[in-house]
Amino acid sequence: ITETDFNGEGKAGYLYALDLYGISNAFVSENNILVNTSTGVEGAGAAYDIQVTGPCSDLAIVSNTFVAEGKGPVLGIYAADWAGSVEMTIMSNLFDITGLAGSGRSALVSAMELQATDVSIFGNQIHTASINAYNESNRLFGISYAQDNKRNHTFDIEDNYITTEGKYAIFLMNVANTTVADNTLFGQELYGDAAVYVDSGSSVVENNTPEVTITNDTFFNYFDENGVLKNISAKELTFDGMFSGLGIDTIVINAPKSIVGLDDTVFENIGFKVLSDDVELTNFVIVRDIDGAAIDIQGNDVAVHDVQIDIDSVGKEDTFAIRAVSSDGLILVDNYIIYEAGYDANRSGSIYQHIIQIRDSNNAFVKRNYIEAKLPALDVDWSGVTGIDKDHPLVVGIQNGENITFAENEITVDVSGSYGFYTTLDAIMVDGAKNLYVLDNKITETDFNGEGKAGYLYAL
C-alpha cells in the first residue's frame, strides 16, 4: 500500500493507509505500507500507516514494514480506545517514521501512539526522526502513549530495538501494571533504562540496554547541578571522554552502581564521593591540582580497581587520593597513584596529606597498587593524640579496623622538601588495627633534601 500527497503543502492533510474500526480477531501481516506527503504543519495533520479505533479485540499486527513521512504529525500506528477498549499485539514489524515534532500535545511523531487498553509489543525494529532541530521538549518517541485520555492502559514492551532522535525512546503516561524490559533503546541523549519514561507506580522498567553512557555534554542528564546522581535505574554507568568545566569538583554516587570508564575517560579536578554500599569504580583517570579527596568512600563493600590518580597538591588543605571512613569490605586493587605534595608555611593547624587513608574500616583488602609519591618531611608534635591524626604526611594511614590485608603493593616515596630540624616521614602508619596482614610489598623511602638535619624516616 502506497499513499502519497504532494499537492497540499502548507495544509493540514490527513492520510491513512489502513483505517480500522470496531474489529475483532483480525490479523495484519506481511504488508509493506508507505505514506509520504508534503502536507502537515506542526501540531496539525496526519500521516498514519494504520489507525485503529475501538472497540477492538484480538488484533495482531505482525511482520509488516511501515514507512511514513510528512511535515506534521506522523505515526506508524495510531490506536484509540475512546469508543471502546482496544486489545492488540504488535510484533516483529519494521518502522521508519519521520515528521515534524514539537512541544504541543498534537505535535507528535512516533512509531506507535497507543491510547489502547491492553497492548503487547514484542520484537519490533523502530527508527523515528524529526525534520526540525533537536529539542528535548519535542514529542518524538519510538513507542508512546503521550496523549493522555485518562483511561486505564497496560503495556508489555519487550525485546524491541529502538533508535530515535528524541529524548525518550519510550514515553508512557498514566499506565498501570506495565512492563518495559529487555529492549535495546537509543535516545538522542539517553540510553537503556534511562531512555524510558513511565508515569506509573506499579510498573517495571528493567534490563533495557545499552547501560547508560555519559559524556561531558550529557552529564547533567544523569546528575543534578551539585553533581549528585539522579534516580537512574541502570546498574552500570559508563563514562566516555574528558570531563571538565562542569562547575563541580565532586561526583556523588548515592546508589549501588558500577562506574566504568572507557579507555579515554579522564576527570579533570573532579573526584568521587561514594555514599552508597555496593559501588564499583574502575578504568578511568583522575587528575587534580586542588585539595580534597579524589575518591572519598563512606559506604560498605566498595571496590576501586584499575584507576589512575594523579595529584599535585599545594599543601594548604587536606588532600587525599583515596579516603575511606567506616567502609567495611573495602577493596583497593591494581590502582596507579602519582602524588606530589608541597608545603605551605602559612597553612593553619594540622592538615592531612595522606595518599590513602583507611579509618574505622573492617575487612579491607589493599593489593597490587603502585604508588609514586613526593611528600614533605616535617617536624611532628608527638604530644597529645596518637596515630595518624597529626600534621604528618603519609603514603598510607590506617586507623583502627579489623582484618586488614595490605599485600603486593609497590610504594616509592621521596622527601620533596625538609621543613624543620627533626623532620619525619612515614610511608605507612597503622594504629589500633587488629588482624593486620602486611605481605610481599616493596617499599622504597628516600630523603636527599635534609642533609645536616636529624631526619626520621619510617617505611612501616
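How many of the six residues of strand S40 (residues 394-399) are buried? Keep that one in mind while you open the structure, which is a predicted model.

**Exercise 1. Work out how strand S40 is covered and which strands it pairs with.**

Step 1: Start with the cover. Buried is under 20% relative accessible area, and six of the six residues in S40 fall in that class, so the strand is mostly covered.

Step 2: Look for the partners. Strand S37 (residues 353-359) pairs with S40 in the parallel sense, over five bridges. S43 also pairs with S40 in the parallel sense, again over five bridges.

Step 3: Pin the register down with residue pairs. Glutamine 357 stands opposite glycine 397 in S40. For glutamine 399, the bridge partner is aspartate 431 in S43.

**Exercise 2. Trace the open sheet of nine strands and find its edges.**

Step 1: Write down the order, which runs S22-S23-S26-S29-S32-S35-S38-S41-S44 with parallel pairing.

Step 2: Check the ends. Strand S22 (212-214) and strand S44 (434-439) each have a single partner strand, so one side of each has no neighbour in the sheet.

Step 3: Add the twist. On average, neighbouring strands here are turned by 10° against each other, direction ignored.

Step 4: Zoom in on one pair. Strand S38 (residues 365-367) and strand S41 (residues 402-407) are joined by three bridges in the parallel sense, and valine 366 stands opposite phenylalanine 406 in S41. As a reminder, strands of a sheet pair through backbone hydrogen bonds.

**Exercise 3. Decide whether threonine 53 is buried or exposed, then see what follows it in the chain.**

Step 1: Place the residue. Threonine 53 belongs to strand S5 (residues 46-53).

Step 2: Read off the accessibility. Its relative accessible area is 5%, and the cut-off for buried is under 20%, so threonine 53 counts as buried.

Step 3: List who touches it. Leaving aside residues up to four places away in sequence, threonine 53 is in contact with Leu20, Tyr21, Gly22, Ala80, Trp82 and Ala83.

Step 4: Walk on along the chain. The peptide bond from glycine 54 to proline 55 is cis, with omega near 0°. Proline 55 sits in the loop between S5 and strand S6 (56-62).

**Exercise 4. Find where aspartate 278 and aspartate 301 lie, and say what their phi values are.**

Step 1: Take aspartate 278. You'll find it in the loop between strand S28 (271-274) and strand S29 (280-282). Its phi is near 60°, a positive value in a residue other than glycine.

Step 2: Do the same for aspartate 301. This residue is in the loop between strand S31 (292-297) and strand S32 (303-305), and its phi, near 55°, is positive too.

Step 3: Classify the exposure. Partly exposed lies between the 20% and 50% cut-offs. Aspartate 278 has 46% relative accessibility, so it's partly exposed; aspartate 301, at 45%, is also partly exposed.

**Exercise 5. Which residues form a nonpolar patch on the surface together with Phe421?**

Step 1: Name the members. Tyr422, Tyr456 and Tyr458 join Phe421 in the patch, with about 410 Å² of accessible area together.

Step 2: Locate phenylalanine 421. The loop between strand S42 (410-419) and strand S43 (423-431) holds this residue.

Step 3: Classify its exposure. Phenylalanine 421 has a relative accessibility of 40%, so it counts as partly exposed.

Technical notes:
Residues numbered from 1 in each chain as written. Predicted model: local features only at pLDDT ≥ 70, side-chain atom pairs only at ≥ 80, totals over all residues. Heavy atoms only, no water. Pairing = 2+ DSSP bridges. Helix = DSSP H or I, 4+ residues; strand = E, 2+ residues; numbered from the N terminus. Axes fitted to C-alpha atoms, helices over the stretch in contact; angles between N-to-C directions. Buried < 20%, exposed > 50% of the residue type's maximum accessible area, 1.4 Å probe, protein only. Contact = heavy atoms within 4.5 Å. Patch = residues over 30% accessible without salt bridge, like charges linked within 9 Å, V, L, I, M, F, W, Y side chains within 5 Å. Areas by Shrake-Rupley, 256 points an atom, 1.4 Å probe, with all protein chains shown as cover. Salt bridge = Lys/Arg side-chain N within 4 Å of Asp/Glu carboxyl O.
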